[in-house]
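Got the viewer open? Switch to a cartoon view, keep the selection box handy, and follow along stop by stop.

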Amino acid sequence: MALQIDTPIQFLKGVGPKLGDLLNKRGVGTILDLIQWYPRAYEDRRAARNIASLKPDELVSLKAQVVNVKSFAMGKSRRKIYDITLRDSTGKVHCKYFRVPYKGYFERFQPNQYVRVIGKVLFYRGQIEFHHPDIQDFVEEEASSEEASKLLPIYPETEGVTTRQLQKMIGSALSQLKESGYDKADMPPKLSQPALKPGQTKAYTYREPMRLEKLPKWIREKYQLPELYPSLLNVHCPPSEADNQWTELKSPYHRRLIFEEFFWLELYLAARKAGLQREKAPQLKGDISLAEKLTDSLPFQLTGAQVRSFKEVVEDLMQPHPMHRLIQGDVGSGKTLVALMSSLVAVANKMQTVIMVPTEILAEQHYKNAVKYIEPLGVQIGYLTGSQKQSERKQTYELLKNGMIDVIIGTHALIEDVVEFKNLGLVIIDEQHRFGVHQRSKLKQKGVSPHFLVMTATPIP
């Protein structure tokens, strides 16, 4: 059977049900999802890098050896900073993490172990270091293979799936899609029919295959964009002549993918904006008295970006239609504080706020921050995750329904059908790219078209 872009991922050769389930949890359910999992960097094995050659703002990949893994408290809070020290023959470099990527991430590293580190080089407090890089096991066999003279794509670190596995899976998928005719932009792909049995007139009901190329030809020609299939092929499998345009993510093929991301985003936002203007939402008063009490209690001053972001959020909350605002900032830039200040505006208007995050570790961090900063102001804080005891969850359900919780923090457990609110006015989502549209719409149904504030540390392409 010819491979289609909507074929479930488990049916790709070499995947199967077990790996398919793991990929599904990561949000990769089909072949199309897989080939849209783009590299975050490239390793140029034609020009070996070392620690001494690192320069700020470079996105690099290099081989190094683990010296040690340490953690220490972040100021007076219970949050920790993790530090992995790496070395090679030219020097040492620190890799800092302000949150745990996933459970067991740091425990897998041992002194003297060879690893591959992929990330953006930063100059921080007088030294070169990485913040939240991907660190992967170094496989000696790969380094000595024929691929040693190639530019290889490096994918974001995901528990249970290695870059090497992704390279093989994506390469196989693109090869099979070409056999199905997806490399021909303006012609429909082929859909093979199984042979008919004796006496059988039709094998199955015909289904029009999904097209891969969706940008009209006139747009591609106007903006001098290559077709989608060759763009995917060249981004995932760089040609032998690939140069620094690839390592800087600026090749014509990267430009095509970035253009398409922006094109559909702008189209979606325009349609959403037109629809939102017709929706009704709780029109909150711009009461920032509680937020001012919070800022007055802080031992530091807000940054200009925090002040500006909060002001814009308050202005949106005062409108009669739903807010849909994105706050993007690096880890540690203060997005959480802006979110808590925004929740206090909802509390001042006797409305409830939801703060939903993708992991229980992150939920616990947000909960502790809320208890520390806004509970002393008389705000009732709630916490809800799937790992809690049933009795604890039932109690939280009742308190939410009766309006006894002002701000509830949790994971996907917040969108279960059993969860009801008395007067939900504001929904805050952290790391919003890890939630699907369906999950966000379920949260929206919990209130009468509540305001939405989404936060992410992941830069938009």
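**A walk through the strands, loops and a cavity**

Start by selecting Arg116 and Gln136: Arg116 stands opposite Gln136, which belongs to S7. Keep in mind as you go that this is a predicted model.

Now widen the selection to the two strands around that pair. S7 covers residues 134-137, and it pairs with S5 in the antiparallel sense over 4 bridges. Which strand do 7 bridges join to S5? Select residues 59-73 and you have it: that is S2, which runs antiparallel to S5 (residues 114-124). For one contact point on that side, pick Val60, whose bridge partner in S5 is Gly119.

Stay with S5 and add residues 127-131. This is strand S6, again antiparallel to S5, with 4 bridges between them. Label Tyr124 and Gln127 here, since Tyr124 stands opposite Gln127 in S6. S5 and S6 form a hairpin with 2 residues between the strands, and Arg125 there has a positive phi near 50 degrees.

**Two loop residues to click on**

A bit of background first: most residues other than glycine have a negative phi. With that in mind, go to Asn112, a non-glycine residue with a positive phi near 75 degrees. You'll find Asn112 in the loop between S4 (91-97) and S5.

Next, hop over to His132, in the loop between S6 and S7. His132 isn't a glycine either, yet its phi is positive, at about 55 degrees.

Turn on a surface and look at each one. Is Asn112 buried, exposed or partly exposed? Its relative accessibility is 46%, so Asn112 counts as partly exposed. His132 has a relative accessible area of 18%, so His132 is buried; the cut-off for buried is under 20%.

**The parallel sheet**

Time to move further along the chain. Color the strands S9 to S14 and look for an open sheet of 6 strands, paired in parallel and ordered S9-S14-S13-S10-S12-S11. Which strands stand at the edges? Select 324-328 for S9 and 381-384 for S11: each has a single partner strand, so one side of each is left without a neighbour in the sheet. Look at the twist as well: neighbouring strands of this sheet are turned by 15 degrees against each other on average, ignoring direction.

For a closer look inside this sheet, select 352-356 and 407-410. These are S10 and S12, parallel strands joined by 4 bridges. Show Val354 and Ile408 as sticks, as Val354 stands opposite Ile408 in S12.

Now bring in the helices. Select 335-348 to get H11, which lies across S9, S10, S12, S13 (424-430) and S14 (451-456). H11 runs at about 170 degrees to S14. Then select 390-401 for H13, which lies across S10, S11 and S12. Against S11, the angle of H13 is about 135 degrees.

**Last stop: a cavity**

How many cavities of 30 Å³ or more does a search of the whole structure find? There are 2 of them. To see the second largest, select its lining: Tyr182, Asp183, Ala185, Leu212, Glu213, Glu227, Leu228 and Tyr229. The space inside this second largest cavity is about 30 Å³. Color its lining by residue type and you get 5 nonpolar and 3 charged residues, with no polar ones.

Conventions: Residues are numbered from 1 along each chain as its sequence is written. This is a predicted model: local features need pLDDT of at least 70, side-chain atom pairs count only at pLDDT 80 or more; totals for chains, interfaces and linings use all residues. Side-chain values use heavy atoms; hydrogens and water are left out. Two strands pair if DSSP finds at least two bridges between them. Axes are lines fitted to C-alpha atoms, for helices over the stretch in contact, and angles run from 0 to 180 degrees between N-to-C directions. Contact means heavy atoms within 4.5 Å. Buried means under 20% relative accessible area, exposed over 50%, partly exposed in between (1.4 Å probe, protein chains only). On a 1 Å grid over the protein atoms alone, a cavity is a set of points where a 1.4 Å probe fits but cannot get out, and a pocket is an open set with protein on both sides within 12 Å along at least five of seven lines; lining residues have an atom within 4 Å of a point. Grid points are joined across faces, edges and corners, and a volume is the space filled by probe spheres set on the points. Ala, Val, Leu, Ile, Met, Phe, Trp, Tyr, Cys and Pro count as nonpolar, Asp, Glu, Lys and Arg as charged, and the others, Gly among them, as polar.
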